[in-house]
Amino acid sequence: MVFGGSAWGHSCDLSLLRGCGDRRPWWVGGSRPQAVKCHTMEERSNLMNMMKLSIKVLIQSALSLGRTLDSDFPPLQQFFVVMEHCLKHGLKAKKSFIGQNKSFFGPLELVEKLCPEASDIATSVKNLPELKTAVGRGRAWLYLALMQKKLADYLKVLLDHKHLLSEFYDPDALIMEEEGAVIVGLLVGLNVLDANLCLKGEDLDSQVGVIDFSLYLKDIQNSDDSKQDAGITAVLDQKHYVEELNRHLSCTVGDLQSKIDCLEKTNSKLQEELAAATDRIGSLQEEQQQLKHQNELIRERSEKSVEVTIQDTKIELDTYKQSRQGLDEMYSDVWKQLKEEKKIRMELEKELELQIGMKTEMEIAMKLLEKDTHEKQDTLVALRQQLEEVKAINLQMFHKSQNSESSLQQKKETISSFEGKTNQMMSTMKQMEERLQHAEQARQVAEGKNNKMKQEFGGRIETLQQQLSQLDNQCSILEKELKSEKEQRQTLQRELHQEKDTTSLLKTELQQMEGLKKELRKLQDEKQQLEKVCEEQEQALQEMGLHLSQSKLKMEDIKEVNKALKGHTWLKDDEATHCKQCEKDFSISRRKHHCRNCGDIFCNTCSSNELALPSYPKPVRVCDACHTLLLQRCSSTAS
């Protein structure tokens with residue numbers, strides 16, 4: 001199979017495109033570089049004309065046959081042959097082990113890097129197992145780009161990056177000059193056609209690219225009428241209008257998708273922040289548990305310290321008991337001394353019985369004894385007064401025991417007073433010993449005289465003995481009272497120790513309560529901070545919900561606008577009798593003009609504006625309403 005028609009008849013090679021004007025050699029009439037430049041210019045102009053003819057014939061034949069093209073359609077095959085020649089013009093030869101090789105698939109591979117949308121074409125071309133050469137891959141790439149209706153867009157991307165094409169083409173190549181931009185503009189018209197090309201089963205590697213000029217010879221008999229041309233133009237206008245609507249809809253859908261992506265990103269960020277907040281709350285709860293554990297440890301330590309203080313107080317009590325035992329031993333020694341004195345008194349009484357002999361000496365002895373009795377009575381009175389004072393002090397100590405700290409001081413004072421009184425008792429005992437010594441001296445003097453006075457003063461001695469027995473009874477009563485006072489004093493001291501223990505325990509409990517209050521305050525502050533963080537997060541979620549609702553409303557508005565745009569149709573000339581905007585009737589002077597955006601018919605004054613639309617390569621006529629609407633959209637997208 002010969003790609004692009006038969007090799008015989010009306011066929012030509014690339015050498016025929018170089019013109020037939022001047023056949024002189026390069027050394028006649030000028031220098032060699034100028035001749036080469038002239039040849040390249042002629043080749044470019046010839047290829048340009050062939051491209052125009054091939055595109056024109058392809059569009060006319062396709063519109064007459066229904067605009068669906070197959071791979072066996074001859075004008076389409078000739079278009080690919082001319083396109084291949086245009087891409088090969090000025091192509092640099094790459095050196096390899098086999099030899100020099102020229103392939104136009106190298107520049108086409110750059111489209112994948114510059115335009116990500118072309119990655120599907122590149123992958124599908126590479127995955128075809130039937131293609132083994134770079135020429136076959138380049139032809140398959142052109143097939144797929146035409147089926148996607150993006151051949152002009154991809155070549156325009158290549159022309160925008162001519163610094164990359166300089167590696168593959170010479171500076172005088174067709175693609176590198178202005179003719180390349182013109183070809184891209186011509187290829188835009190092919191977007192009207194629908195191509196259904198099958199790459200499987202075709203041998204694209206071995207096909208020969210030969211141009212068949214028989215398709216481009218004009219036949220007057222087969223020329224179309226003006227009515228058909230008018231119908232074709234109307235169909236093309238309608239096609240451009242539909243493509244314009246599709247472009248608008250695709251742009252709006254792309255914007256909505258970008259907005260939806262932004263909202264999804266913001267939602268994901270908010271979800272991450274919520275997860276971080278929940279993690280923070282969990283960490284705070286763990287810290288709270290750790291604080292509770294620390295509080296329990298502190299309580300255990302405080303209890304241990306309380307036990308230690310209790311042991312210390314017990315030790316102090318033991319020491320105090322030991323000191324009290326020493327004092328009791330001192331008192332016992334004093335009482336022993338008193339008993340010994342009593343024994344001495346008994347011995348003195350026995351000796352007095354022997355010494356009652358002499359009257360005069362007995363009278364003196366009686367006076368002395370009376371004086372001693374008076375003195376003893378005085379001492380008894382003083383002892384009773386001391387007992388009353390001790391009772392009053394005990395009552396005061398009992399009342400003052402209610403206030404722990406003051407009672408301790410008063411009790412200390414009472415203890416000091418008792419010690420003073422004991423000292424006084426010791427001094428009295430010393431005085432009694434001195435008196436006893438004096439009495440012994442008097443007894444020695446009166447021993448001789450007592451024998452004489454015994455008979456005379458027997459009755460008096462009996463009375464004196466009775467008085468002495470009474471005095472002994474009073475002493476025993478006083479001893480019992482002293483014992484009871486000692487017991488009361490011990491009970492008071494025990495109560496004082498208990499009160500000290502209770503006060504120490506209360507102080508420790510107060511300290512623990514203060515520490516617990518501080519910890520409670522800290523926990524309450526942390527709780528307030530957590531509540532604030534939760535409130536802020538709830539506010540952020542509410543704001544995000546508002547944003548989402550607003551975006552949904554905007555989506556619905558845009559959908560309604562799209563529905564309204566889809567409702568527009570291309571109005572026929574016969575259906576319109578007056579201008580849609582000014583409502584003036586059409587006539588010979590006031591002609592009809594279509595708006596390329598909305599499809600309605602207006603007069604010249606109401607549709608004098610022109611704007612560049614995506615489906616048209618040049619600015620086209622637009623009505624005033626569409627002009628303002630499109631300008632507003634452009635300004636909103638720019639902002």
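The largest share of the positive surface patch comes from helix α9, which gives three residues. The members of this patch are Lys 336, Lys 339, Lys 343, Lys 480 and Lys 483. Helix α12 joins in as well, as α9 and α12 each supply at least two residues. Take Lys 339 as a sample: this lysine sits in helix α9, and its relative accessibility of 55% puts it in the exposed class, because that class begins over 50%. Keep in mind while looking around that this is a predicted model.

Stay with α9 for a moment, since there's a negative surface patch to look at too. Glu 296, Glu 300, Glu 303 and Glu 307 make up that patch. Glu 300 belongs to helix α9, which spans residues 226-354. With a relative accessible area of 45%, Glu 300 is partly exposed, so it passes the cut-off of over 30% that patch members have to meet.

One more stop on this helix is Gln 271, also found in α9. How far apart are the C-alpha atoms of Gln 271 and Leu 541? They are separated by 9.6 Å, with the two positions 270 residues apart along the chain. Gln 271 itself is exposed, at 56% relative accessibility.

Now for the salt bridges. The count comes to seven. One of them pairs Arg 44 with Glu 179, at 3.8 Å from N to O. This pair ties together distant parts of the chain: Arg 44 is in helix α1 (residues 32-65) and Glu 179 is in helix α8 (residues 178-187), 135 residues apart. The two partners fall into separate burial classes: Arg 44 counts as buried at 10% relative accessibility, while Glu 179 is partly exposed at 23%. The line between those classes is drawn at 20%, which is why they are sorted this way.

Another bridge brings Glu 117 and Lys 150 together, at 3.1 Å from N to O. Here the partners come from loops, and they are 33 residues apart: Glu 117 is in the one between α3 (105-114) and α4 (119-127), and Lys 150 is in the one between α5 (134-147) and α6 (151-160). Glu 117 is partly exposed at 47% relative accessibility, and Lys 150 is partly exposed at 28%.

Right beside Lys 150 in the numbering is Lys 149, which is placed in the loop between α5 and α6. Its backbone is worth a look: most residues other than glycine have a negative phi. Lys 149, though, has a positive phi, near 60°. As for its surroundings, Lys 149 is partly exposed, with a relative accessible area of 24%.

Salt bridges can also be joined up. Which residues are linked in a network of salt bridges? They are Glu 84, Lys 88 and Arg 139.

Moving on along the chain, Lys 580 and Asp 600 form a salt bridge with an N to O distance of 2.5 Å. Lys 580 is in the loop between α12 (458-566) and β7 (593-594), and Asp 600 is in the loop between β7 and β8 (601-602), 20 residues apart. Again the partners are classed apart: Lys 580 is exposed, at 52% relative accessible area, whereas Asp 600 is buried, at 12%.

The loop between α12 and β7 also holds Glu 583. Glu 583 isn't a glycine, yet it has a positive phi of about 60°. Its side of the story on accessibility is simple: at 60%, Glu 583 counts as exposed.

That leaves the cysteines. How many disulfides does the count give? The count is zero. Cys 582 is in no disulfide, and its nearest cysteine sulfur, from Cys 579, is 3.6 Å away. A disulfide calls for sulfur atoms within 2.5 Å, so the Cys 582 and Cys 579 pair misses out. Cys 595 isn't in a disulfide either: the sulfur of Cys 623 is its nearest, 3.6 Å away. On accessibility, Cys 582 is partly exposed, with 29% relative accessible area, while Cys 595 is buried at 0%.

Note on methods: Residues are numbered from 1 along each chain as its sequence is written. This is a predicted model: local features need pLDDT of at least 70, side-chain atom pairs count only at pLDDT 80 or more; totals for chains, interfaces and linings use all residues. Side-chain values use heavy atoms; hydrogens and water are left out. Patches are made of residues with over 30% relative accessible area and no salt bridge: like charges are joined within 9 Å, nonpolar side chains (Val, Leu, Ile, Met, Phe, Trp, Tyr) within 5 Å. Accessible areas come from the Shrake-Rupley method with a 1.4 Å probe; for residues, only the protein chains shown count as cover. A salt bridge is a side-chain nitrogen of Lys or Arg within 4 Å of a carboxyl oxygen of Asp or Glu. Lys and Arg count as positive and Asp and Glu as negative; His and the chain ends are not counted. The place of a charge is taken as NZ of Lys, CZ of Arg, CG of Asp or CD of Glu. Helices (H or I, at least four residues) and strands (E, at least two) are DSSP runs, numbered from the N terminus. Buried means under 20% relative accessible area, exposed over 50%, partly exposed in between (1.4 Å probe, protein chains only).
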